[in-house]
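User: I am new to reading structures and would like to learn how one describes the surroundings of a bound molecule and the way a chain is divided. Could you take me through it step by step?

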Amino acid sequence: MKSLGLVGLPNAGKSTIFNALTSAGAKVEAYPFCTIDPHHGVAPVPDPRLDRLHSLFPDKKKVPATIEVVDIAGLVKGAAQGEGLGNQFLSEIRGVDAILHVVRCFEDPDVAHPTGTLDVRRDIEIVETELLLKDLETLERRRAHIKKLAQTGDKEARKELELLERLIQAVGAGTPIRALGLSVDELSRLKDLSPLTAKPVLYVANTGDEGENEHSRAVAEVARERGAGWVVIRGRLEAEVAEAAEGEEERRAFLSEWGLAESALARLARAAYELLDLVTFYTFEGPEVRAWPVRKGTTAPEAGGVIHSDFRDRFVLAEVMDLEELLAAGSDKVLREQGKITRAGRDYLVRDGDVIHFICA
Ligand SMILES: Nc1nc2c(ncn2[C@@H]2O[C@H](COP(=O)(O)OP(=O)(O)O)[C@@H](O)[C@H]2O)c(=O)[nH]1
Ligand SMILES: [Mg+2]
């Protein structure tokens, strides 16, 4: 399960959005998706395609993909040097797959702003600077360690030292590691260090009940400059709707009264999937109709391995159906009669929207 970490200045609305995402999930699905503890929650990924597929198999249980959301408190100006909760936020960020950078875009005299005024560009920079400083510290510490090894002539150490020098220079100049276009090999060298600015980031503009405003437009501009994505969320409104609505239908009705076609959870999950390069395939084995997210470029046996190691280790072939064609046919039986089930081998790359039946020895 992929995890998303909510990061941002105090009073940006992180906990509010955390509640919107996790309690929406808890109410929508029948089983207890919920907050694991006050800062870690699991939400089902809203997926209209799964709903439609499920309509072909109404007697089976619908099992959506899940996403973990982490509410990471404590990032304040100077946190990298130990201000506020100091370094506590660090290990939390290291553990997530992507960062949701929550930026306060609502004016409210009753909610204090850490610097007194709303200036999203400056607010974003405060947060990003802390992450860069932390990475600089991590990289420099590693360099001190690896330098000795490199001096003994160790070839791998020299390679790493060269990479570290390059990163230290870039990060020191304010460039996040994710912007450096590192190779897969270079990234794998950094794996143990798990640098914060190497993680993909999505900007979340938290607006008041009216939605888009000049501040959220400024967030969009910053995101565009960075080549990053952004989502506008009316955090407090979404949290209130998620808590008030009993069930999916009522929630949709509440949201549409506010001119919202989709919940924050649906929009954020979609943006996060794109950010993490995920595609979704589906199965209807046994008693379940289920969605499975995998990285783009995943082969059929690797995808099978996500479900069960036998599907990978004893993979024979995968019967692949196109979800839209299956829905049009009305059943897999009819689809088979139409000759529209593809037999895919080991090298087949799973596509978004594939419905797969694995056959193993
Ligand atoms: N007026 C207004 N207040 C909000 C909005 N979103 C959050 N808040 C309030 O701002 C305060 C801080 O929010 P919180 O989620 O705790 O921020 P965090 O410190 O980033 O976790 C709380 O009192 C929220 O109710 C919003 O869209 N409009
Ligand atoms: Mg909070």
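**Reading the ligand site and the domains**

Analyst: Let us begin with the ligand, keeping in mind that this is a predicted model. Around ligand 1 there are 15 residues, and those that come nearest are Asn11, Lys14, Thr16, Asp108 and Thr207.

User: Which helix gives the most to the shell around ligand 1, and how do the residues of that shell divide?

Analyst: Helix α1, which spans residues 14-28, gives the most, with three residues, while the shell as a whole is made up of five nonpolar, seven polar and three charged residues.

User: Which side chains have an N or O atom close enough to a nitrogen atom of ligand 1 to count as a polar contact, if the cut-off is 3.5 Å?

Analyst: Among them is Asp108, with a side-chain N or O atom 2.8 Å from a ligand nitrogen; for Arg236 the corresponding distance is 3.3 Å, and for a polar side-chain atom of Asn206 it is 3.4 Å. Taken on its own, ligand 1 has 580 Å² of accessible area, of which the protein covers 78%.

User: How is the protein chain divided into domains?

Analyst: The chain has domain 1 (2-48 + 59-117 + 200-275), domain 2 (126-198) and domain 3 (278-360).

User: How many residues of domain 1 and domain 3 are in contact, and what area is buried between them?

Analyst: Nine residues of domain 1 are in contact with twelve of domain 3, and about 950 Å² is buried between these two domains, with carbon and sulfur atoms giving 53% of that area. On the domain 1 side, Lys60, Val63 and Tyr273 lose the most area to domain 3, together 58% of what that side buries.

How values were computed:
Residues numbered from 1 in each chain as written. Chains lettered and ligands numbered in written order. Predicted model: local features only at pLDDT ≥ 70, side-chain atom pairs only at ≥ 80, totals over all residues. Heavy atoms only, no water. Near = heavy atom within 4 Å. Polar contact = N/O pair within 3.5 Å; in protein donor to acceptor, adjacent residues only side chain to side chain. Areas by Shrake-Rupley, 256 points an atom, 1.4 Å probe, with all protein chains shown as cover. Helix = DSSP H or I, 4+ residues; strand = E, 2+ residues; numbered from the N terminus. Nonpolar A, V, L, I, M, F, W, Y, C, P; charged D, E, K, R; others polar. Domains from an automatic or database assignment. Contact = heavy atoms within 4.5 Å. Buried area = accessible area lost by both parts, 1.4 Å probe.
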